[in-house]
Each structure stands twice: as C-alpha cells, then as structure tokens.
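Reader: Hi, could you walk me through this structure at a slow pace? I will ask about whatever catches my eye.

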Amino acid sequence: MDHHAAMQQLDQIRRNMESCIYGKKDEIALMLTAMLAGGHVLIEDVPGTGKTQMVKALAMSIGGVFHRIQCNPDLLPTDITGVSIYHPKLEQFVFRPGPVMANMLLADEINRATTKTQSALLEAMEERRVSVDGETHILPHPFMLFATQNPIEFEGTYSLPEAQLDRFLMKIKLGYPDEASEKRLVLEPGSGRAAESLQAVATVDDVAQMQRLAEGIHLETSVADYLISLIRGTRQHSAVILGASPRAAVALSSAAKAYAFLNHRSFVLPDDVKAMAPLVLGHRLHLRSEARMQGTTTQQVLQDVLRLLPVPVGMER
C-alpha cells in the first residue's frame with residue numbers, strides 16, 4: 001500500500017465514522033491519529049457523550065474485534081486477561097481468553113478498578129501481551145485501549161498512577177455535541193445505534209500498513225529541535241514539579257507524524273507539534289500544589305512554554 005492509497009482508505013474510515021457519529025469530526029480525527037500512532041487513549045468526559053459508539057464505529061470500520069469492560073472495584077485481573085481452566089477430557093489446563101483479546105478495547109470508568117486490576121491493563125498497554133499462570137499470550141495487532149473516566153465522581157475511585165497515565169498517548173474530551181447534531185439525535189433516535197451496522201472499509205492488516213507509513217513520515221531536524229525544546233521547557237517551568245518524560249517526547253513525535261499523515265502530508269510541521277502537544281502532554285505534567293491552588297492548569301503551562309519557543313520557518317515542500 002502506497003501513501004496515496006493509504007490516505008484514501010483513511011478518508012473512507014473517517015467518512016464511515018462520521019456517518020453515524022454526529023458533530024464529532026475533530027474527535028474522530030484524534031482517534032484516527034491515535035490509531036495511526038499505535039497509541040492508547042484516555043477519554044475524560046461525562047456519561048452519555050457517545051464514547052462507546054465512537055470506539056465501536058472505529059472497530060467496525062476496520063473489521064476489528066471490539067470488546068467493552070465496565071470497571072468496578074470487584075473486577076479481577078483475570079476478568080480482563082482471561083483464565084486457565086482445567087479441561088477434564090484433555091487432562092490439561094486450557095486458556096480461556098478475556099476481553100483484552102481485541103483490536104479495540106473500551107475500559108469504562110478505569111479509575112473504578114483497583115490498582116491490581118489496573119496493573120493487568122498496564123502490561124497489555126505496554127507489552128501488547130498478557131501473562132496468565134506463567135504463560136504469555138500475545139494480543140491481536142493492532143491493539144488499542146480506550147479508557148474512560150468520569151471527571152465528576154470521585155467516590156469509590158482509584159486515581160491512575162503517573163506510570164499508567166504516561167502510557168496513554170493522548171487524553172481527550174468529547175464534550176457535548178453542537179445544537180444541530182443534538183437535535184438530529186432527538187429527531188432520529190436510531191442514529192446513535194448505527195455503529196453496529198457499519199460495513200468495514202478496511203482491514204486490520206491495512207491499519208498495520210498505515211501505521212508503518214505514518215511512522216516513516218519525515219521529521220525535519222529543526223522541527224525535532226522544536227519538539228525537544230517544548231519537552232524540556234515543561235520541566236523548567238516554575239509551576240511544574242514533574243515535567244514531560246522521555247516517553248512523552250517519543251509519544252509527541254509519533255502523534256505529530258500521525259497527524260501529518262492524516263492531513264495528507266509526508267512531513268511534520270511545527271503546527272502538528274503544537275496541535276498535538278495539549279493532548280499528548282497535558283495529562284503527563286504534574287503541577288506544584290501552590291500553582292494548582294492559584295488556578296494554574298497544565299494547558300496554561302504548555303501555552304507559556306510554546307509562546308517562548310521560536311517556531312522553525314521554511315517548512316513548505
């Protein structure tokens with residue numbers, strides 16, 4: 001598959017999703033960007049904004065396997081990874097795979113799962129595999145975790161540790177649809193369930209090829225310097241106690257390349273880095289308590305750092 005064919009197919013996936021998810025063009029673009037970069041997504045939003053339908057629509061569009069987990073404190077690691085069950089006739093243990101064996105896994109309200117269960121997800125996110133009773137099981141490719149958390153309710157929740165937050169490529173908020181889209185949902189009540197009937201317009205193998213092409217997008221040295229200056233700038237900001245990690249730099253590079261690819265370019269622009277920075281870095285920065293009390297946000301910190309960085313010029317080709 002060449003660049004032109006991949007971009008055309010990517011546009012088909014986007015149109016397929018937009019046909020059943022109204023008023024979410026930007027959010028769909030971000031999900032596709034994460035898919036191209038092979039990363040996981042943390043969705044922080046209130047219930048009822050279409051998170052499940054969006055992830056399901058993406059899975060259906062690429063002919064992938066979609067599974068959903070409703071997280072709660074009773075959820076065990078084996079409820080995610082699967083379990084070995086003794087088979088009397090075979091006289092041996094047989095692995096019964098859990099919902100993690102999917103291309104698109106939606107973990108609803110991940111912060112309601114205990115830290116032990118979150119650790120099982122962490123191995124899947126980082127290693128693309130799970131270990132059950134000493135046996136290693138490789139996850140399907142591609143594998144993406146979409147985890148949601150409700151920003152309002154805090155009772156009965158377990159905060160995600162920094163190490164796990166750092167494994168999410170980006171954190172997004174879906175928000176409410178615009179007025180016209182919401183009116184359409186009311187007038188066409190069946191439209192929200194259309195994701196299940198979507199026809200695949202690509203395969204998981206196509207997606208793997210797209211990911212390889214996106215990884216090969218050119219990153220000019222001057223843009224790489226701009227990206228690294230941004231990363232290092234977050235560590236030096238007076239309001240920050242824990243800045244962006246080296247993993248964050250790699251994630252921002254991957255996201256910028258994927259975003260450039262999604263926008264039909266073969267090279268990364270500084271604007272790609274600026275567009276992805278709030279989504280890739282926002283959840284990785286930890287502010288000093290006094291800065292938080294004064295109302296400072298991670299997004300303000302990023303704007304401060306970006307404002308002081310000289311932007312490379314002459315990127316057109």
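Reader: How far apart are the end C-alpha atoms of helix H10, and what span should its residues give?
Author: Before I answer, please keep in mind that this is a predicted model. Helix H10 runs over residues 246-262, and because each of its 17 residues should add 1.5 Å, the expected span is 24 Å, which agrees with the 24 Å between its end C-alpha atoms.

Reader: Okay, and how many of the residues of H10 are buried?
Author: H10 is mostly covered, with 12 of its 17 residues buried. Among them are Ala 248, Ala 249, Leu 252, Ser 253, Lys 257, Phe 261 and Leu 262.

Reader: Which elements do those buried residues pack against?
Author: The buried residues of H10 pack against five helices and a strand, namely helix H1 (3-18), helix H2 (25-37), helix H8 (204-215), helix H9 (221-236), helix H11 (270-281) and strand S9 (168-172).

Reader: Let's take H11 from that list. At what angle do the axes of H10 and H11 cross?
Author: They cross at roughly 130°, and the two axes come within 9 Å. H10 and H11 are therefore oblique to each other, and their crossing is right-handed.

Reader: Which residues meet there?
Author: From H10 the contact takes in Ala 248, Ala 251, Leu 252, Ala 255, Ala 256, Tyr 259 and Ala 260, and these meet Asp 272, Val 273, Ala 275, Met 276, Ala 277, Val 280 and Leu 281 of H11. Sorted by class, the residues of this contact are 13 nonpolar, no polar and one charged.

Reader: What happens just after H10?
Author: Just after H10 comes His 264, which takes a positive phi of about 60°, although His 264 is not a glycine. His 264 sits in the loop between H10 and H11.

Reader: Is His 264 buried, exposed or partly exposed?
Author: His 264 has a relative accessible area of 43%, so it counts as partly exposed, since that class lies between the limits of 20% and 50%.

Reader: Which other residue has a positive phi of about 60° although it is not a glycine?
Author: Arg 128 has one as well. Arg 128 lies in the loop between helix H5 (115-127) and strand S6 (129-132), and with a relative accessible area of 27% it is partly exposed.

Reader: Changing topic, how do H1 and H2 cross?
Author: The axes of H1 and H2 come within 10 Å and cross at roughly 135°. That angle makes H1 oblique to H2, and the crossing is right-handed. On the H1 side the contact is made by Leu 10, Ile 13, Arg 14, Met 17 and Glu 18, while H2 brings Lys 25, Ile 28, Ala 29, Met 31, Leu 32, Met 35 and Leu 36. By class, this contact of H1 with H2 has nine nonpolar, no polar and three charged residues.

Reader: And what about H1 with H8, at what angle do they pack?
Author: H1 and H8 pack at about 120°, with their axes 10 Å apart. That makes H1 oblique to H8, and H1 passes H8 in a left-handed crossing. His 3, Ala 6, Gln 9, Leu 10 and Ile 13 of H1 make the contact together with Asp 206, Met 210 and Leu 213 of H8. The classes in the contact of H1 with H8 are five nonpolar, two polar and one charged.

Reader: I also clicked on Ile 62; where is it found?
Author: Ile 62 is in the loop between helix H3 (51-61) and strand S2 (66-70). With a relative accessible area of 0%, Ile 62 is buried.

Reader: What does Ile 62 touch?
Author: Leaving out residues up to four places away in sequence, Ile 62 touches Ile 13, Met 35, Met 104, Ala 200, Ala 202, Thr 203, Val 204 and Val 207. Its C-alpha atom is separated by 18 Å from that of His 3, and those two residues are 59 residues apart along the chain.

Reader: Last one: is the peptide bond from His 141 to Pro 142 cis or trans?
Author: That bond is cis, with omega near 0°. Pro 142 is found in the loop between strand S7 (135-138) and strand S8 (144-149), and at 2% relative accessibility Pro 142 counts as buried.

Reader: Which residues is Pro 142 in contact with?
Author: Setting aside neighbours within four places in sequence, Pro 142 is in contact with Ala 102, Asn 103, Val 204, Val 207 and Gln 211.

Conventions. Residues are numbered from 1 along each chain as its sequence is written. This is a predicted model: local features need pLDDT of at least 70, side-chain atom pairs count only at pLDDT 80 or more; totals for chains, interfaces and linings use all residues. Side-chain values use heavy atoms; hydrogens and water are left out. Helices (H or I, at least four residues) and strands (E, at least two) are DSSP runs, numbered from the N terminus. The expected span of a helix is 1.5 Å times one less than its number of residues. Buried means under 20% relative accessible area, exposed over 50%, partly exposed in between (1.4 Å probe, protein chains only). Contact means heavy atoms within 4.5 Å. Axes are lines fitted to C-alpha atoms, for helices over the stretch in contact, and angles run from 0 to 180 degrees between N-to-C directions. Angles under 35 degrees count as roughly parallel, over 145 as roughly antiparallel, 65 to 115 as roughly perpendicular and the rest as oblique. A crossing is left-handed if the near helix is turned anticlockwise from the far one by less than a right angle, and right-handed if clockwise. Ala, Val, Leu, Ile, Met, Phe, Trp, Tyr, Cys and Pro count as nonpolar, Asp, Glu, Lys and Arg as charged, and the others, Gly among them, as polar.
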